[in-house]
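Trainee: I have a sequence and a model open in front of me. Can you show me how to read it, feature by feature?

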Amino acid sequence: AIIGKSLDGVITSWNPAAERIFGYTAAEAIGQPMQLIMPPGKEGEEAEILALIARGERVRHFETVRRHKDGRLIDVSTTISPIVDEGGRVCGASKIARDITARKAAEAELARYRHNLESMVEERTAALSIAKEAAEAASRAKSTFLSNMSHELRTPMNAVIGMSELALRR
């Protein structure tokens, strides 16, 4: 969307892309204040932007939220440049706005997937830790069992061997 506005924030031009993005026709938007597309709580942004433009500064790649005619919020990336008259004085601003709602939704979905993946890794790590502890406990139990069985077998065998030696001596 390409939108022209005066230094007091009144819309002076509104192209067909602006109509598609924001839902207002050029006839509805031209002559209206920029608050037409400002959601509640974002009014202060416009004053800051107009102050920068009035000083001849350019606002590059500014991401914000604007309101569609039907009330839904639209994520936009904007670049705003001053418009100067023949005398070199700033007389308005030219705003280029791109709808980045789909990109923001994809980023949010990616963040959800990343969070979900991190949760799954944590769960799997905890399960593996429990399995490792169980395997170590089983190994200790096996070692204890073999040690006990060895002792239990050796003791009677020693007695049998000892008795056999005594019987052989007689």
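Mentor: Start with one pair of residues: isoleucine 2 stands opposite isoleucine 96 in S5. Keep in mind throughout that this is a predicted model.

Trainee: Which strands does that pairing belong to, and over how many bridges do they pair?

Mentor: The general idea is that strands of a sheet pair through backbone hydrogen bonds, either parallel or antiparallel. Here S1 (residues 2-6) and S5 (residues 90-99) pair in the antiparallel sense over 5 bridges. Further along that pairing, glycine 4 stands opposite serine 94 in S5.

Trainee: How many bridges join S1 to S2?

Mentor: S1 and S2 are joined by 3 bridges and run antiparallel. Isoleucine 3 in this pairing stands opposite tryptophan 14 in S2. The hairpin of S1 and S2 has 4 residues between the strands, and its glycine 9 takes a positive phi near 85°.

Trainee: In what order do the strands lie in the sheet?

Mentor: The sheet is open, with 5 strands in the order S2-S1-S5-S4-S3 and antiparallel pairing. S2 (11-14) and S3 are the edge strands; each has a single partner strand, so one side of each is left without a neighbour in the sheet. On average, neighbouring strands are turned by 30° against each other, direction ignored.

Trainee: Is S1 mostly covered or mostly open?

Mentor: As a general idea, in a regular strand the side chains alternate between the two faces of the sheet. S1 is mostly covered, with 4 of its 5 residues buried. Take serine 6, which is in strand S1. Its relative accessible area is 17%, so serine 6 counts as buried, the cut-off being under 20%.

Trainee: Which residues is serine 6 in contact with?

Mentor: Leaving aside neighbours within four places in sequence, serine 6 is in contact with Thr12, Leu50, Cys91 and Gly92.

Trainee: Leu50 is among the residues you just named. Which residues of H3 are buried?

Mentor: The general idea first: an α-helix has 3.6 residues a turn, so residues three or four places apart point the same way. In H3 the buried residues are Glu45, Glu46, Ile49, Leu50 and Ile53. They cover an arc of only 130° around the axis, which puts them on the same side of H3. These buried residues pack against S1, S3, S4 and S5.

Trainee: How does H3 run relative to S3?

Mentor: Helix H3 (residues 43-54) lies across S1, S3, S4 (73-84) and S5, and runs at about 155° to S3. You can also check its length: at 1.5 Å a residue, the 12 residues of H3 should span 16 Å, and the end C-alpha atoms are 17 Å apart, which agrees. Just after H3, glycine 56 has a positive phi of about 85°.

Trainee: Which residue has a positive phi although it is not a glycine?

Mentor: That is histidine 61, with a positive phi of about 35°. Histidine 61 lies in strand S3 (residues 59-67).

Trainee: Where does helix H4 lie?

Mentor: H4 (residues 101-169) lies across S3, S4 and S5, running at about 135° to S4. Leucine 166 is found in H4, and leucine 166 is partly exposed, with a relative accessible area of 47%. The C-alpha atoms of leucine 166 and lysine 5 are separated by 117 Å, and the two residues are 161 residues apart along the chain.

Trainee: Now the whole chain. What pattern does it follow along the sequence?

Mentor: Its secondary structure comes to 4 helices and 5 strands, in the pattern β-β-α-α-α-β-β-β-α. The radius of gyration is 39 Å, well over the 15 Å that the globule rule gives for 170 residues, so the chain is more spread out than a compact globule. The C-alpha trace spans about 135 × 35 × 25 Å along its principal axes.

Trainee: How much of the chain counts as buried?

Mentor: Of its 170 residues, 25% count as buried. For contacts, take those between residues at least 6 apart in sequence: 42% of them join residues at least 24 apart.

Terms used: Residues are numbered from 1 along each chain as its sequence is written. This is a predicted model: local features need pLDDT of at least 70, side-chain atom pairs count only at pLDDT 80 or more; totals for chains, interfaces and linings use all residues. Side-chain values use heavy atoms; hydrogens and water are left out. Helices (H or I, at least four residues) and strands (E, at least two) are DSSP runs, numbered from the N terminus. Two strands pair if DSSP finds at least two bridges between them. Axes are lines fitted to C-alpha atoms, for helices over the stretch in contact, and angles run from 0 to 180 degrees between N-to-C directions. Contact means heavy atoms within 4.5 Å. The expected span of a helix is 1.5 Å times one less than its number of residues. Buried means under 20% relative accessible area, exposed over 50%, partly exposed in between (1.4 Å probe, protein chains only). The arc is that of the directions from the helix axis to the C-beta atoms. The radius of gyration is taken over C-alpha atoms; the globule rule is 2.2 Å times the number of residues to the power 0.38.
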